[in-house]
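Take a moment to look at the protein below and turn it around on your screen. We'll walk through it piece by piece, starting with charged side chains and ending with a loop.

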Amino acid sequence: MSESKPFDPSAIGARSETKQIRWSTRDCMLYALGVGAGTGDLAYTTNNTHGVDQLMVPTMPVTLGVDFSVLRAAGPFDWAKVLHAEQKVEILADIPVKGEAQAVTEITEMWDKGKAALIVAQTTGTSADGEPLWRSSAGLFIRGVGGWGGERGPGSSATETEPSGTARTVSYQTRPDQALIYRLSGDYNPLHSDPSFAARAGMDRPILHGLCTFGFAGRALLEVIGADAALASMSARFAGPVWPGDRLDVDVTRVSDTEVRFRVRGRDDKEVLTAGSATFRE
């Protein structure tokens, strides 16, 4: 555990070392299983089904090349006091099911919430010939490191109006071991597997990764917009915990042929993802 103190705002712009990353068809299948895909999604969960070309679940880049060690540039903190507050991913090119890239994570925003901080770490994946492939931005709320006198940042989306358009709800049942499957895609935060660590964070047992719920939501969006659609961007805020075994209800409003808004409801009908938005390429 690190001793917490106010973050240093001069850390904005700090960049990680460049990471050389590779992913395989097996990695793509494992991620698909981690976000609940199965026998009805063979394009994502198999690589040798007759007449079916394998695809990457389009939210998978959130797992590729992220290097949160860059957060050390802002100062010491306790990982048990970190909450994933928001996530955005932008798909900038067609990403193959087997490939390699260079990835760099950069601190792009820091907001002073008084007794806490919101810090945004953006990871960009680039092909060997310099083509940007994806951009993934994680907003992390960290208790005990605010108070340096900075701006509070953008307010809550609570006042946003409900989008108008055609609405549909897609429901999924998560598995009791869903977090243990999802973590094999690289997120080994013990909050999702170690009961003692979860207790330090104030949870009665390990919770599901927010990015796993994000992946379930991405699958629902494809069901609504059409599996052949190409995801261009997707973002949401994390509003509450999900426990493995919970049901997820994804409310999707189709605003246009290329844009949807969404939210996700979990246990007791409580919202767990809010302010969801996604765009698609025709």
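A search of the whole structure turns up 18 salt bridges. To count as one, a side-chain nitrogen of Lys or Arg has to sit within 4 Å of a carboxyl oxygen of Asp or Glu. Before we look at some of them, a word on where this comes from: you're looking at a predicted model, where local features need pLDDT of at least 70 and side-chain atom pairs count only at pLDDT 80 or more, while totals for chains, interfaces and linings use all residues. Residues are numbered from 1 along each chain as its sequence is written, and side-chain values use heavy atoms, with hydrogens and water left out.

Let's start with a simple pair. Asp177 and Arg175 join their side chains in a salt bridge, 2.8 Å from N to O. How much of each can be reached from outside? Asp177 is partly exposed, at a relative accessible area of 28%, and Arg175 is partly exposed too, at 44%. Those words have fixed cut-offs: buried is under 20% relative accessible area, exposed is over 50%, and partly exposed lies in between, using a 1.4 Å probe and protein chains only.

Now find Asp251, which makes a salt bridge with Arg263, where the closest N and O atoms are 2.7 Å apart. This pair links distant parts of the chain: Asp251 belongs to strand β8 (residues 247–256) and Arg263 to strand β9 (residues 259–265), 12 residues apart. Strands and helices here are DSSP runs numbered from the N terminus, with helices being H or I over at least four residues and strands being E over at least two. Asp251 is buried, with 13% relative accessible area, whereas Arg263 is partly exposed at 33%. Arg263 also meets Glu271 in a salt bridge of 2.8 Å, N to O, and Glu271 is partly exposed at 35%. Zoom out a little and you'll see a network of salt bridges linking Arg247, Asp249, Asp251, Arg263, Arg265, Asp269 and Glu271.

Next, slide over to strand β4 (residues 116–126). Is β4 largely enclosed or largely open? Eight of its 11 residues are buried, so the rest of the structure largely encloses this strand. One of its partners is strand β3 (residues 99–112), which pairs with β4 in the antiparallel sense over 10 bridges. Two strands count as paired if DSSP finds at least two bridges between them. If you want a landmark, look for Ile107, which stands opposite Ala121 in β4. The hairpin of β3 and β4 has three residues between the strands, and Gly114 in this hairpin takes a positive phi near 90°.

There's another partner to find: strand β5 (residues 132–143) runs antiparallel to β4, and 11 bridges join the two. Here the landmark is Thr124, which stands opposite Arg135 in β5. The hairpin of β4 and β5 has five residues between the strands, and it is Gly130 that takes a positive phi near 90° there. While you're looking at strands, keep one rule in mind: in a regular strand, side chains alternate between the two faces of the sheet.

Time for a helix. Helix α5 (residues 210–225) has 16 residues, and at 1.5 Å a residue it should span 22 Å; its end C-alpha atoms are 23 Å apart, which agrees. That expected span is 1.5 Å times one less than the number of residues. Of the 16 residues of α5, 14 are buried, so the helix is largely enclosed by the rest of the structure. Right after α5 comes Gly226, with a positive phi near 120°.

Another helix to find is α1. Its buried residues are Cys28, Met29, Leu30, Tyr31, Ala32 and Gly34. What covers them? The cover includes β1 (19–23), α2, α3 (178–182) and α5, judged by contact, meaning heavy atoms within 4.5 Å. Gly36 follows α1 and has a positive phi near 90°.

How many disulfides does the structure hold? Zero, where a disulfide means a pair of cysteine sulfur atoms within 2.5 Å. The sulfur of Cys28 is 16 Å from the closest cysteine sulfur, in Cys212, so the two are too far apart for a bond. Cys28 is buried at 0% relative accessible area, and Cys212 counts as buried at 0% as well.

Last stop: Asp41, in the loop between α1 (25–34) and α2 (42–45). Asp41 is partly exposed, at 22%. Its C-alpha atom is separated by 25 Å from that of Tyr188, 147 residues apart along the chain.
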